[in-house]
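User: Please take a close look at the surroundings of one residue in this structure, and then place that residue in the wider setting of the chain.

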Amino acid sequence: NQLNFSGGPGALPQAVLDEVQQSIQCVPETGLSILGISHRSDWFEQVVFELERNVLSLMGLGSDYKVLLLQGGATQQFTMVPMNFLGRHDGAHADYLDTGYWSAKALPDARIQGDIRVAWSGRSENYARLPEDHELLLSPSASYLHYCSNETVEGLQFNRVIGLPGVRRVCDMSSDFLSRPGQYDQFDLMYAHAQKNLGPSGVTLVVIKRELLEQVPKGLPSFLDYREQARANSILNTPPVFAIYVVLLATQWIRQTIGGLDAMGEINQSKAACLYRVIDQSDGFYRCRVAHDDRSIMNVAFSLPDPGLQAHFLAESALLGFSGLAGHRSVGGLRASLYNGLELAAAEHLAEFMSDFAQRNG
Ligand code: PLP
């Protein structure tokens, strides 16, 4: 587990894993296994309450935001966002940025709901960079702007908030949620599945401005209606109790052990810096194809000059216990994902291996 660089589900901190293991036997306050605790219990209601409080406090947000714990992964949000907020008036439309594999994936599902316009696309440049502000074709009358803060596959990450004043901002933060400080009060809706930085798959967090909840159209299926989910405090039907509990433990860990998002961001920055340093100092042995200023600190995507060498890299690293270093199936290459639970020492260990591999094979 210590050397898990997977781009999918990330490693969890050892302290959290220890608590999870204990909870499978028995959650001390309840005398019951976490796998058998009712979602209608007072205990679980407190779990949801404390988790919401932790998330808002870490993000520096107040009670004008609501945290929802939903199912269906980040993918379900590709439908829920336009279904709830595109609007049904004449000319209703939303702006989307197409900056990589995942933001592109949001488009077809959104288009089922209505008029979706692409305000910028990086597709023709093979998603090697993010847009400059002056390139964006944003519409002041859009119902909202949707973009992805961190493109997990390509390793591109925004370091600024995008959009026009007065147009709601919606952001897929699945792969960098609670990983660094940010101007979160600039967003109207943020969503992220748990399995990268916070816990197992099964729960998706939505942080939404409460005033938006009033604008949800009538007649939506209750499960896909943010207002109904908020009214039920995320317990509209049987929620993934186990996954939600693990996310609570992870937020406690970020607050109490790490010390908040400033500290979390510094650790994540250091992990990425040690890998990019090896790449930049390798005289072209390792290649990182994305623009320097847009490099992600969560997903370091890189490649080697030939596929044989790449296979050799993966085989040798696997023997040393490194796992998850193959790039996403859509782009190939290599990728080291550095989610919250991965320790700095693990990234440093990988950097050492990469230097050594370059010296022996360069
Ligand atoms: N958005 C981003 C940024 C992702 O990285 C992923 C998956 O890795 C998704 C959306 C899809 O998430 P899910 O599998 O939870 O639907």
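Analyst: In this predicted model, Thr152 occupies the loop between β5 (150-151) and β6. Is Thr152 buried or exposed? Thr152 counts as buried, because 26 C-beta neighbours lie inside 10 Å, where 20 or more are required for that class. Leaving aside residues up to four places away in sequence, Thr152 is in contact with Gly7, Trp102, Ser175 and Asn299.

Thr152 also belongs to the set of residues around the ligand, which consists of Gly73, Ala74, Thr75, Trp102, Cys148, Thr152, Asp172, Ser174, Ser175 and His193. Two of the contacts of Thr152, namely Trp102 and Ser175, are therefore listed in this shell as well. Helix α3 (residues 73-85) makes the greatest contribution to the shell, giving three residues. Sorted by class, the shell holds three nonpolar, six polar and one charged residues.

The UniProt record, an unreviewed entry, lists Thr152 under "binding site" together with Ala74, Thr75, Trp102, Asp172, Gln195, Asn237 and Thr238. These positions span 165 residues in sequence and their farthest two C-alpha atoms are 30.4 Å apart, so they do not all gather at one spot. Asn237, one of the listed positions, is situated in the loop between α6 (226-231) and α7. Asn237 counts as exposed, because it has 11 C-beta neighbours inside 10 Å.

His193, another residue of the ligand shell, leads to strand β8. Five of the five residues of β8 (residues 189-193) are buried, so this strand is largely enclosed by the rest of the structure. Leu189, Tyr191 and His193 point one way from β8, while Met190 and Ala192 point the other way. On one pairing, strand β7 (residues 168-172) and β8 run parallel and are joined by three bridges, with Cys171 having Met190 as its bridge partner in β8. On another pairing, β8 and strand β9 (residues 204-209) run antiparallel and are joined by five bridges. Here the bridge partner of Ala192 in β9 is Leu205.

Tyr101 offers a further view of the region. Tyr101 is placed in helix α4 (residues 101-113) and is partly exposed, with 15 other C-beta atoms within 10 Å. Not counting residues up to four places away in sequence, Tyr101 touches Glu151, Val153, Glu154, His328 and Ser330. Tyr101 and Tyr127 are 26 residues apart in sequence, and their C-alpha atoms are 8.3 Å apart in space.

The setting can be completed at the level of domains. The protein chain is divided into domain 1 (14-258) and domain 2 (261-361), whose centres, taken over C-alpha atoms, are separated by 27 Å. Their contact takes 22 residues from domain 1 and 23 residues from domain 2. On the side of domain 1 that touches domain 2, the elements giving two or more residues are β6 (156-157) and α7 (241-258). By class, that side of domain 1 comprises ten nonpolar, seven polar and five charged residues. The element β6 thus connects two parts of this account: β6 bounds the loop that holds Thr152, and β6 gives residues to the side of domain 1 that touches domain 2.

Note on methods:
Residues are numbered from 1 along each chain as its sequence is written. This is a predicted model: local features need pLDDT of at least 70, side-chain atom pairs count only at pLDDT 80 or more; totals for chains, interfaces and linings use all residues. Domain bounds come from an automatic or database domain assignment. Two residues are in contact if their C-beta atoms, placed from the backbone, lie within 7 Å. Helices (H or I, at least four residues) and strands (E, at least two) are DSSP runs, numbered from the N terminus. Ala, Val, Leu, Ile, Met, Phe, Trp, Tyr, Cys and Pro count as nonpolar, Asp, Glu, Lys and Arg as charged, and the others, Gly among them, as polar. UniProt positions are given in the numbering used here, feature names are shortened, and annotations may be inferred rather than shown by experiment. A residue is buried if 20 or more other C-beta atoms lie within 10 Å of its own, exposed if 12 or fewer, and partly exposed in between; C-beta atoms are placed from the backbone. Two strands pair if DSSP finds at least two bridges between them. A residue is near a molecule or strand if its C-beta atom, placed from the backbone, lies within 6 Å of it.
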